[in-house]
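Dear colleague,

I am passing on the structure below, together with some notes on its ring contacts and its nonpolar cores. Please read them alongside the coordinates.

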Amino acid sequence: MPSNESIDYKLILIAHMICADQQIHSDEAKALHELAEQVNANQQTIDETEKIFSQDKHLISVEDAAKRINPNERSESIRQILAIAYVDGFFSPLEREMLVKVADIFGCSQQLQDIIEAAEEFRASYVNDDGNENESSKLSLGAVILKGAESVLSRSIVQKLGQIAPENIGRKIEKLQREILLSGEEYDSAIKQCGDIAKEDYQFSELSLNRTLESLEKLTINIQKRLLIVQKQSSGKGTSSSAKEVFALLEVTRKALTTEIIKEIELLRESLKAKQRALNHFSIAFMGKTKAGKSTLHAIVTGGGWEAIGVGKQRTTRYNRVYEWKNIRIIDTPGIGAPEDGGRTDEEVAQSVIDESDVICYVVTNDSIQETEFSFLKSLKEKTKPLIILLNVKNNLRDSRRLQHFLSDPDKPFTQEGKSSLKGHIERIRRYAQEHYANNYFDVIPSMLLAAQMSREPENEKIRDKLFEASRIKDFLDSIRVSLVEYGTIRRSQTLLGSTVGTVEKPYKWLSKELQTYQQLLESLREKRRTILGKVKSEEQHALLDLENQIGEVFQDVSNSAVTSFARDNWKVDQPTMIKNWEKKLKDIRFSERIGNAYQKVGEEFKKKVSEILEELGRELQLVADLSGGSFKFDKHDTDGSTKSYLRTGGILLGIASSVMVFTPLAPFALAVGLIGVAMGLISNIGGWFKSEDEKRREAAAKITSSLRSQLETQQTQIVKKAKDDFSKSCRQTERDIDQYFEELIAGVEAITSELRTSQVQIQGTANYLNRAYAKRIIDYCLKQYNPLTDAGISQIISKVERQFGQSINIQTKSNIKISKKLQEDLKRILQEDVTIQTVNTKSK
């Protein structure tokens, strides 16, 4: 940053504010130079303001300038830039952003808010009965804001406000040459009618955009309300441990939707402001790649800005330069595809004026026609903007011999016959442009801008008329005149009604995409619920069979190995001893532990299988959301404003499964004691005085073995039944929790889907409302009549409108309106959409 303390940093801030809305009006720059002279700003200050206009990478930033202003001058400085911000009648978001930034540095945020509120109250008091602002209020408002500011700069600003307010621009400009500017009663009449129509159309546009805004704002509120109801209902059931997790999951979706909705709302607000700016002027925007000749064309049409033309000076600004004269607004945009140093690209700056333009003049050259430079036309078609392509035929007329040769045969460069003709260039332009613009209704007008520019130079005074006529710039000017005088009214309606439909349909299309995503998710969730419960049930059946087999193996092992040896060793002991020994035997062979282990092993295997099912489900659902490209999110949840964990759907369900699938080990000791009691009863019946000891032992052991095995089989059946019942009980709870999880999730998604559908229907109705108003204007244009645009008038004439935005519009009328085929063909060229008009026989209905 320059270190010279003599720089007037207050003037630097004013220059930044003039550029804040990224549109530089011709008289704003002029007024700034005059302000600099009145306050005796030095050359370095003036150079620094030029850097701001040209967005030089070494410019003094807003922050640096604000920090350099003395504390005792800051209050007045904030008033100065605020007065500049209000001068065009619109306090844009970008201007507010700069003011807030400066106020934060100055430490006077509250003072700024107080000044803004006072200014708004003052402006409200100057509104006419018809809702329009008095023209004098702009100057008065600036004076009020600067009240008490006594510096030379502040007094000079008050004097200049009248000059830089757009409503007054051009009133002191002398009439420029007849062949360049539009004039005459026909023009004046067209301008008046354009103005009358624009005011009515803007009311419809404003109402429609506000309805769309209201619908989107309600959408965020209603989604939140619906989800809170779902959360409350889920929590009230008291059966699901997943309500909190499900709500957190849906909350992520709500926040993602809200973020997207806010973006749509901001775009709508910017569009509304663009419509406001376009209200009082017929706007023509010059666009094209860098060095195509836009600034030259701007200078030719406006008669000013020649200092911007020349080698190395083509990009004197990276903002849109605006010139206004007699309700015409000429906008010179930065070059498409110019290198960028950060911030918004030149293409984005150029796109910012599409909404407010009635006609787009796209400038190309014959020396380098490439398909890439026509891709920008897609943006124009998306907003249904009429297009004129000016082919700037380049020829080095600075060479005296070439100039003489050109003037001797000025038609030769424009011929469309022969190898070196323009025919190939024009065909290539049409082919490339049609690919991105979607139709071939636009005009391609060849002109030699350098010849027109040279006709304005003093050294070419003697051949001035020859140069101007040979340049064929008049063909282009005639096209602009026709656009305004003959087509001005319908193109004003196209800008304020027809194009606004595209702005409204953008959130409609977004809602349709989101709605489709959520409907797919609902279908997927319902199908996955059926699938997962079926798989869990199948795994349960496998687990029960496995559990029965494993418990059977333990009993079989006891029957084969433990019973025989126990009977042989304990056939003669008393009952207490036998019971004690049996318990010891079971303990030694870990009978109870093995039964419990079998139960737990099967349970763990079941949990593992269910976990795999749920993890696969989580991946599938996430894939559905990712492929759909919607706002639904399965990957994380955020309950306190900051992302603390990442949680997949499968993870949530695994938590559910883990909390209910707890398999308590079974204890078969009591059953074992019962077996001993039966065995002792059998032993007591063994008698015989004549049997040997060995015979008695074998007989007693055999009976004990047989009885124990029989009873073990009975107890095995009972234990297996109890184990399977307990296992199934745990599985039922798991299935219920999984089912409830899906029920809650589906309820939340259905709630969001319902609100999306409601908003979609509302916005679709708004788009239809605008299309019907636009159709009425088209009918009036065809009948060469003007009727005030009212709901009743529209309903009386228009039956139905079917429109593929940017491509075609089919108008069905109630009354018998005869439109010639030629006029319908002309409409295609004028509006650059396929227009068909039909009469509906309402009597037969």
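How many aromatic pairs does the count come to? The model is a predicted one, in which local features need pLDDT of at least 70 and side-chain atom pairs count only at pLDDT 80 or more, while totals for chains, interfaces and linings use all residues. Residues are numbered from 1 along each chain as its sequence is written, and side-chain values use heavy atoms, with hydrogens and water left out.

If rings of Phe, Tyr and Trp (its six-membered ring) pair when their centres lie within 6.5 Å, with planes under 30 degrees apart called stacked, over 60 edge-to-face and the rest tilted, the count is six aromatic pairs. One of them is the edge-to-face pair of Phe-566 and Trp-582, at 4.8 Å centre to centre and with 65° between the planes. Phe-566 belongs to helix α20 (residues 488–569) and Trp-582 to helix α21 (residues 575–588), so this pair ties together parts that are 16 residues apart in sequence; helices here are DSSP runs of H or I, at least four residues, numbered from the N terminus. Tyr-599, Phe-606 and Phe-727 form one aromatic cluster.

Phe-727 also appears, with Ile-778, among the residues with the most contacts inside the largest nonpolar core, which has 96 residues; such a core is a set of buried Ala, Val, Leu, Ile, Met, Phe, Trp, Tyr and Cys residues joined through side-chain atoms within 4.5 Å, where buried means under 20% relative accessible area (1.4 Å probe, protein chains only). Helix α25 (residues 693–782) gives the largest share of this core, 29 residues.

Best regards

Methods
Helices (H or I, at least four residues) and strands (E, at least two) are DSSP runs, numbered from the N terminus. Buried means under 20% relative accessible area, exposed over 50%, partly exposed in between (1.4 Å probe, protein chains only).
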